[in-house]
Amino acid sequence: MSPATVLDHEADHANHRATKPEEHKALKDTPDSNYGNKEEKRVITGSEQKTARANGEISGKQVTRRNHGGNHVVTKGTTSNKIDRKKTYQYYQRRNKTSHGDFSKQLKKYKN
Ligand SMILES: [Zn+2]
């Protein structure tokens with residue numbers, strides 16, 4: 001997904017929290033086996049698909065994802081979903097120097 005589509009995903013959460021706080025909390029507090037919780041399911045199966053389709057990132061019966069998973073990548077631009085492998089590798093090199101975890105798997109994946 002492009003950064004633009006990811007931003008829209010986060011904006012949907014923020015808007016829902018601001019306009020329907022009780023419903024938002026209830027969905028967030030309800031576990032979902034695929035999406036972690038019902039709020040993630042609402043956004044991922046709702047606005048995320050609509051936005052990704054409008055932004056030309058998916059077509060036909062394609063979907064962005066069927067869970068709440070995924071890895072951070074650097075894309076070719078804010079509205080692109082094409083991975084910039086070199087910049088993604090550099091991103092994980094920087095992250096690997098911090099105490100935020102072990103990114104050796106990602107470094108191996110994006111090397112060259
Ligand atoms: Zn989310």
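1. Of the 112 residues in this chain, 14% count as buried; the reader should keep in mind that the model is a predicted one. Along the principal axes, the C-alpha atoms fill a box of roughly 45 × 35 × 25 Å.

2. The chain holds six helices and two strands, and, when it is read along the sequence, these elements follow the pattern α-α-β-β-α-α-α-α. Among the contacts with a separation of 6 or more, 46% come from residues that are 24 or more positions apart.

3. Helix α4, which spans residues 47-54, has Glu48, Thr51 and Ala52 as buried residues. These three cover an arc of only 100° around the axis, and therefore they lie on the same side of α4. It helps to recall that an α-helix has 3.6 residues a turn, so residues three or four places apart point the same way.

4. What covers the buried residues of α4? The cover includes α1 (3-19) and α3 (38-45). Just after α4 comes Gly56, which takes a positive phi of about 75°.

5. Helix α3 also meets helix α2 (residues 21-28), and the axes of α2 and α3 come within 6 Å and cross at roughly 105°. Because angles of 65 to 115 degrees count as roughly perpendicular, this crossing makes α2 roughly perpendicular to α3.

6. Which residues form the contact between these two helices? On the side of α2 they are His24, Leu27 and Lys28, and these meet Lys38, Glu39 and Arg42 in α3. Sorted by class, the contact of α2 with α3 has four charged residues, one polar and one nonpolar.

How values were computed
Residues are numbered from 1 along each chain as its sequence is written. This is a predicted model: local features need pLDDT of at least 70, side-chain atom pairs count only at pLDDT 80 or more; totals for chains, interfaces and linings use all residues. A residue is buried if 20 or more other C-beta atoms lie within 10 Å of its own, exposed if 12 or fewer, and partly exposed in between; C-beta atoms are placed from the backbone. Helices (H or I, at least four residues) and strands (E, at least two) are DSSP runs, numbered from the N terminus. The arc is that of the directions from the helix axis to the C-beta atoms. Two residues are in contact if their C-beta atoms, placed from the backbone, lie within 7 Å. Axes are lines fitted to C-alpha atoms, for helices over the stretch in contact, and angles run from 0 to 180 degrees between N-to-C directions. Angles under 35 degrees count as roughly parallel, over 145 as roughly antiparallel, 65 to 115 as roughly perpendicular and the rest as oblique. Ala, Val, Leu, Ile, Met, Phe, Trp, Tyr, Cys and Pro count as nonpolar, Asp, Glu, Lys and Arg as charged, and the others, Gly among them, as polar.
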